[in-house]
Amino acid sequence: MRLAVNVAQLLILVLAAPALRGIIAKFKAHIQRRQGASIFRPYADVLKLFRKEDLAPPTASPIFRIAPVVVFATAVIAAAFIPVLSASSLLAARTDFFIFVYVLALGRFFISLGALDGGSSFGGMGASREALVSVLAEAPLLLALTSLAMLSKSLSLAEITRWTAGQNFFDLSPVHLLAFAALGIVAVAETGRLPVDNPTTQLELTMLHEAMVLEYSGPSLALIEWAQAIKLHVISALMIAMFLPWGLSTILTAGSLALALLLYCGKLLLLAGAIAVIESSLAKLRMYAVPDFLRVASALAILAVIFTVFIRK
Amino acid sequence: MIEPIFVIFLLLFPLAAILGYLGAGSALTRKFVPYLLLVLLLSGLGFSAIAFVKGNALNLHYASHLPFATGFAVDRLTAFFLMVICAIAFPATLFSISYTEPHSRGYCRWYWCLLPLFIFSMVLVIVSSTVFVFMAGWELMTLLSGGLIAIEGASEDRRRGLFIYLAMMHFGAAAVFGAFLLFVPGAPSLTFEAIRATGHGLPPQVRTAIFLLAFAGFGAKAGIIPLHLWLPKAHPIAPSPVSALMSGVMLKTAVYGFVRFSFDFLAAPAPWWGYLALAAGAVSGVLGVLYALGEHDLKRLLAYHSVENIGIIYLGLGTSLVFLSHNAPIWATLALVAALLHTLNHALFKGLLFLGAGAIHHSTHTLDMEELGGLSRRMPMVSATFLVGCCAIAGLPLFNGFVSEWLTFRGFVAGAVFDGGSNELILPLMAGVLGLIGGLAAACFVKAYGISFLGRPHTPRAEQAYDAPRAMKLAVSLLAAACIVTGIFPGIVLRPLLALVGTIISGASAPPEITMISRGMPVISACVLGVIFLTFAVLRWKQIRRMVPTWACGLPELTPRMQYAAASFSKPIRQVFRSVYKPDRKVEVLPVDRPYFPEAISYHSVRTTSFERSLYRPAVDLLISAARGLRRLHTGNIQAYLLYIFFMLFSLLLYLRFSQ
């Protein structure tokens, strides 16, 4: 039963990922007083790309071909770390969040190489900027999760979730607030959303992730887009699991699982709404203002770790 | 039975050196020496691996037969480091066979004479059990590597680099020797056993002095910032296989020495020792990788990464010392295992990367990344193995660097997470430092690999690159295979390492992390590889794939100059961390009175690290002015010298009179 739930969680994270993108786009359209495309539009996009021809620049080496697959694989494996319906996941028992963070880093490493393999200046530009963002995002991500681990006395994501779900919401400490703020900023940077990166344009000035994948087409692009959607969903689910885990199924009956799924969808919609509001009301940061933004996250995460001393009994 | 074989093993190195010198003339002997050395290293690898896993001890004492208290000993720690030496020296020697081929006879003669001796000196340092053998090996190691650098050429620049290397090494050797001498009043003899026995009983201030001397002395060899100055100067000018040996192995003898001193001889560390090592590790790690990001010479970049990785090793050692002083042996064990594993891992991937860089230099005659590019199609094997090395050094999962970084991270947080009550804050914050180092290293190796191997060739040199010779390819693939195997199945190294650390830190149960990662890594690797293969299978990736030129925004076609170069790739990061680099830039626009319509612009940028400016320059100036002052005493007048002797004698007599 537990295995089935874990597999279901993984499938939810992987298969529902494009829908989350669609929902955010829909929300944004509503804020802009447009009707917007259907929330299933990202599925259609990915399916369309899978049927298209795969083009490659003449400079491409095998890295160009491998990179999208590695990105997709690491996104799927990262999804296997996250608890969604119950406080467990496929890979949570033997692993910790450090491995989770570095699995994502593996994907980023390869997509940056794939970008440089195109031999055009845009790929290099995107890779170089992505490197800057990820350099500054990794430390606060690790520190924020470390502070939560120090409170819950466990390093496994599932155990941290279990511990948090057992707490009273109003008993949560300032550490959680600090870690939440830090993780929120990092999540924006990691998933390439506004105000760090704009996922909807390919304008030169805003280019981060979109510049890296400019040379990709067909199935390769489909994999990258899907992986990007999974990453967004995984990071969102991570935020929910770390800071809003109440309502997880503990006894694994059909009823409680259905309730957990319903609650999860509600939380996700809430988060999607928040993202839509933030993205509609903020402009993209200038490239060299992004490091300051991420430094705030680092400061918050360091404070979160320091504050654990005052909280722990 | 094993003892005489071991002595023969040691003696065969000098023999190989003699043969190497004499035999460079004929083709037969020219081939013979490398193969002799290879067989020697292979047997050494086998011997040390068995001793490492099984823990067979070996103790040879020739104090009664030979002068200077000569003695050798092999315990698990020694065997581990011996294994590291042989594991890197074997492919380096293999690589050297192709490396020396295009060189002149005189060069080969010296190369094949000095190389076995250099390896021999490192073996001596590790297997010594007396101060004499240790210091002899230590000095030989410096001088012989200096010799190997010198045979490569003697331009002004190289001599300068070599001089800095030798000067700093002698500073380090003096400090190490001082640390040994401080044991002397209490120790009956200068064997390690006697030193170990006296170590505990020394008064605290002497122990502090010994620790500081050892820290500085071994730190200079290891390249801890601010004693790292020689690394980026000496590594690039050495022959590539020697760079691999220097970075992969020679630095590790310093780690060995530091572990011997602080964990074995002195034991029971004071709390601040660990914090000192942690601070040194954190500073070296972050600054080392930042300096590396600013470098565009492949070998100098790798040299700075040695500083970074030594930093990570010191982070582990420091954590271990902190936990030892807090009386938490289980976490001290974990951190020491992490540090030692990273020692092995760094040797493997750094050896691989330096040899890869050597192969690039062999076929393109340049190491400037801005002149390379597109090598992955020209040198597929070197390219693939270099990628493995890049992933490993960036600490990505599936490769060995990740395992030791993970263990280091667990060492940081273990105390805070699992030991309720300890209000230790520095260590968990170090997790952030490790994250920063990891992120920067990944960025740096995206640059190193992406700019040199991917995209279009930047120059005709890179375009005309030919594939590396077979011996080189074999050497790098051996190391790459080792990186992958120990990355996916870390248990094969971790279990003996745990036993090793058990001999140093007593009374600890095995930390659960060791089994966790030994069992976890194969599962995660299988998952990642499984999904990758599944995706390939589902997509049936052999489908038609059309090559179309990249859209050039309306221009006729893209040129190599349009792609990102190493300087432009690292520009944003250098911009954000500009306070670290402090470059001296000079832009001259000609003619001066028309800045907006220039005819010529010259740009000049010098990167002297701030350490050179604010630490070394004043120190050297002080030394020189002190020497100038002393020179006044040298009048050249014999009467004056007699007067000095008289004063000296008089003051000694006074000292003797009043000291009793």
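**Exercise 1. Which elements of chain B are included in what covers the buried residues of α19(B)?**

This is a predicted model. Find helix α19 of chain B at residues 470–488.

Step 1. Check the helix length. The 19 residues, at 1.5 Å a residue, should span 27 Å. The end C-alpha atoms are 27 Å apart, so the span agrees.

Step 2. Pick out the buried residues. Among them are Met472(B), Val476(B), Leu479(B) and Cys483(B). Lys473(B) and Thr486(B) also belong to the buried set.

Step 3. Look at the cover. It includes α3 (76–100), α13 (329–364), α15 (380–393), α16 and α20 (491–504) of chain B.

**Exercise 2. Describe the side of chain B that touches chain A.**

Step 1. Count the residues. Chain B gives 65 residues to the contact, and chain A gives 64.

Step 2. Assign them to elements. Those of chain B that each supply at least two residues are α14 (375–378), α16 (400–418), α17 (426–453), α21 (512–539), β3 (545–547) and α22 (566–576). The largest share, 14 residues, comes from α17(B).

Step 3. Sort by residue class. On this side of chain B, 42 residues are nonpolar, 17 polar and 6 charged.

Step 4. Inspect the strands. β1 of chain A, residues 54–56, pairs with β3(B) in the parallel sense, over 3 bridges. Ala56(A) has Met547(B) as its bridge partner in β3(B).

**Exercise 3. Decide how compact chain A is.**

Step 1. List the elements. Chain A holds 12 helices and 1 strand. Their order from the N terminus is α-α-α-β-α-α-α-α-α-α-α-α-α.

Step 2. Apply the globule rule. For 313 residues it gives 20 Å. The radius of gyration of chain A is 19 Å, close to that value, so chain A is as compact as a globular protein of that length.

Step 3. Add the dimensions. The C-alpha trace of chain A spans about 60 × 45 × 40 Å along its principal axes.

Step 4. Examine the packing. Of the 313 residues in chain A, 62% are buried. Among contacts in chain A with a separation of 6 or more, 81% join residues 24 or more positions apart.

**Exercise 4. Is Ala237(A) buried or exposed?**

Step 1. Locate the residue. Ala237(A) sits in helix α10 of chain A, residues 218–243.

Step 2. Count neighbors. Ala237(A) has 26 other C-beta atoms within 10 Å. The cut-off for buried is 20 or more, so Ala237(A) is buried.

Step 3. Name the contacts. Leaving out residues up to four places away in sequence, Ala237(A) touches Leu13(A), Ile82(A) and Val84(A).

Methods
Residues are numbered from 1 along each chain as its sequence is written. Chains are lettered from A and ligands numbered from 1 in the order in which they are written. This is a predicted model: local features need pLDDT of at least 70, side-chain atom pairs count only at pLDDT 80 or more; totals for chains, interfaces and linings use all residues. Two residues are in contact if their C-beta atoms, placed from the backbone, lie within 7 Å. Helices (H or I, at least four residues) and strands (E, at least two) are DSSP runs, numbered from the N terminus. Ala, Val, Leu, Ile, Met, Phe, Trp, Tyr, Cys and Pro count as nonpolar, Asp, Glu, Lys and Arg as charged, and the others, Gly among them, as polar. Two strands pair if DSSP finds at least two bridges between them. The radius of gyration is taken over C-alpha atoms; the globule rule is 2.2 Å times the number of residues to the power 0.38. A residue is buried if 20 or more other C-beta atoms lie within 10 Å of its own, exposed if 12 or fewer, and partly exposed in between; C-beta atoms are placed from the backbone. The expected span of a helix is 1.5 Å times one less than its number of residues.
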